[in-house]
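User: I'm new to this structure and would like to learn how to read it. Could you walk me through it, one feature at a time?

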Amino acid sequence: MARTKNETWEWIKALAAALLLAGIIRFFLFAPVVVDGQSMMPTLHNGDRLIVNKFSYVIGDPKRFDIVVFHATEEKDYIKRVIGLPGDTIEYKDDTLYVNGKQVKEEYLEAYKKQTKDGNFTYDFKLLEVTGKQKVPQGQLFVLGDNRRNSQDSRNIGTVDDDTILGKASFRFWPLKDIGFVK
């Protein structure tokens, strides 16, 4: 009888430790996210399930072209690609990205741009025109969806405060045919 009680107590402790560890991992390190909408196509699709690495921004700053998840409103999180970092000037002209006056290739969009037959994939704009700011302010990011014709992003909502970023989208685990690291 004593052995059964002891064994039960050990199982309860092990289960409690596992739940605590899972909670810590979920709250501080990684979180599952479901893509809602078409704004990140062709990179991500509606219903894709991702793991967001929350720890990536504890140890380092966001990098250009990272895909990040952030609180857009109290009820809604957005997933977008980082285009502009603090201090950057951003311009699109003739479907080409210019950062600080220098042309920057967006290889992840090349195939999608070729499919676009009726005009530019990304309309022409300057950071000042869409945000009212000459440069991306400190502590903020300029983000765009990969589906430039159908995305609520910094062109509409302004720059994104660093404090609202949940983390970097790092791994797609659903659908199984697309499982792998997000680029």
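User: Let's start small: where is the place of Lys168?

Analyst: Lys168 is in strand E11. Strands (E, at least two residues) and helices (H or I, at least four) are DSSP runs, numbered from the N terminus. Before we go on, residues are numbered from 1 along each chain as its sequence is written, and side-chain values use heavy atoms, with hydrogens and water left out. This is a predicted model: local features need pLDDT of at least 70, side-chain atom pairs count only at pLDDT 80 or more, and totals for chains, interfaces and linings use all residues.

User: Is Lys168 buried, exposed or partly exposed, and how do I tell?

Analyst: You go by relative accessible area: buried means under 20%, exposed over 50%, and partly exposed in between (1.4 Å probe, protein chains only). Lys168 counts as partly exposed because its relative accessibility is 28%. It's also worth seeing that Lys168 and Lys63 are 105 residues apart in sequence and 9.8 Å apart in space, C-alpha to C-alpha.

User: How many salt bridges does a search of the whole structure find?

Analyst: The general idea is that side chains of opposite charge can pair when their charged atoms come close. The test used here is a side-chain nitrogen of Lys or Arg within 4 Å of a carboxyl oxygen of Asp or Glu. The whole structure gives eight of them. One involves our Lys168: its partner is Asp66, with the closest N and O atoms 3.6 Å apart. This pair links distant parts of the chain, 102 residues apart, with Asp66 in the loop between helix H2 (56-59) and strand E3 (67-71) and Lys168 in strand E11. Asp66 counts as buried because its relative accessible area is 10%.

User: Which residue forms a salt bridge with Asp48?

Analyst: That's Arg172, and the closest N and O atoms are 2.7 Å apart. Here too distant parts of the chain are linked: Arg172 is in strand E11 (residues 165-174), while Asp48 is in the loop between strand E1 (30-34) and strand E2 (49-53), 124 residues away. Both Arg172 and Asp48 are buried. For another case, look at Asp178 and Lys177, whose side chains meet in a salt bridge at 3.2 Å, N to O. Lys177 is exposed, at 71% relative accessible area, and Asp178 is partly exposed, at 24%.

User: And the rings: how many aromatic pairs does the structure hold?

Analyst: Rings of Phe, Tyr and Trp (its six-membered ring) pair if their centres lie within 6.5 Å; planes under 30 degrees apart count as stacked, over 60 as edge-to-face and the rest as tilted. This structure has five such pairs. One of them, Phe125 with Phe142, is tilted, with 5.9 Å centre to centre and 35° between the planes. Phe125 belongs to strand E8 (residues 125-126) and Phe142 to strand E9 (residues 140-144), 17 residues apart. Phe125 and Phe142 are both buried. Together with Tyr92 and Tyr123, they form one aromatic cluster.

User: Which charged end sits over the ring of Tyr78?

Analyst: It's the one of Lys80, 5.2 Å from the ring's centre. To count, NZ of Lys or CZ of Arg must be within 6 Å of the ring centre and within 35 degrees of the ring normal. Arg81 does something similar over the face of Tyr108, at 3.6 Å from the ring centre.

User: What about backbone oddities: which peptide bond is cis, with omega near 5°?

Analyst: As background, most residues other than glycine have a negative phi, and most peptide bonds are trans. Here, the bond from Met41 to Pro42 is cis, and Pro42 lies in the loop between E1 and E2. For phi, check Asp94: its value is positive, near 50°, and it isn't a glycine. Asp94 is in the loop between strand E5 (90-93) and strand E6 (96-99). Asn100 is another non-glycine with a positive phi, about 55°, and lies in the loop between E6 and strand E7 (102-104).
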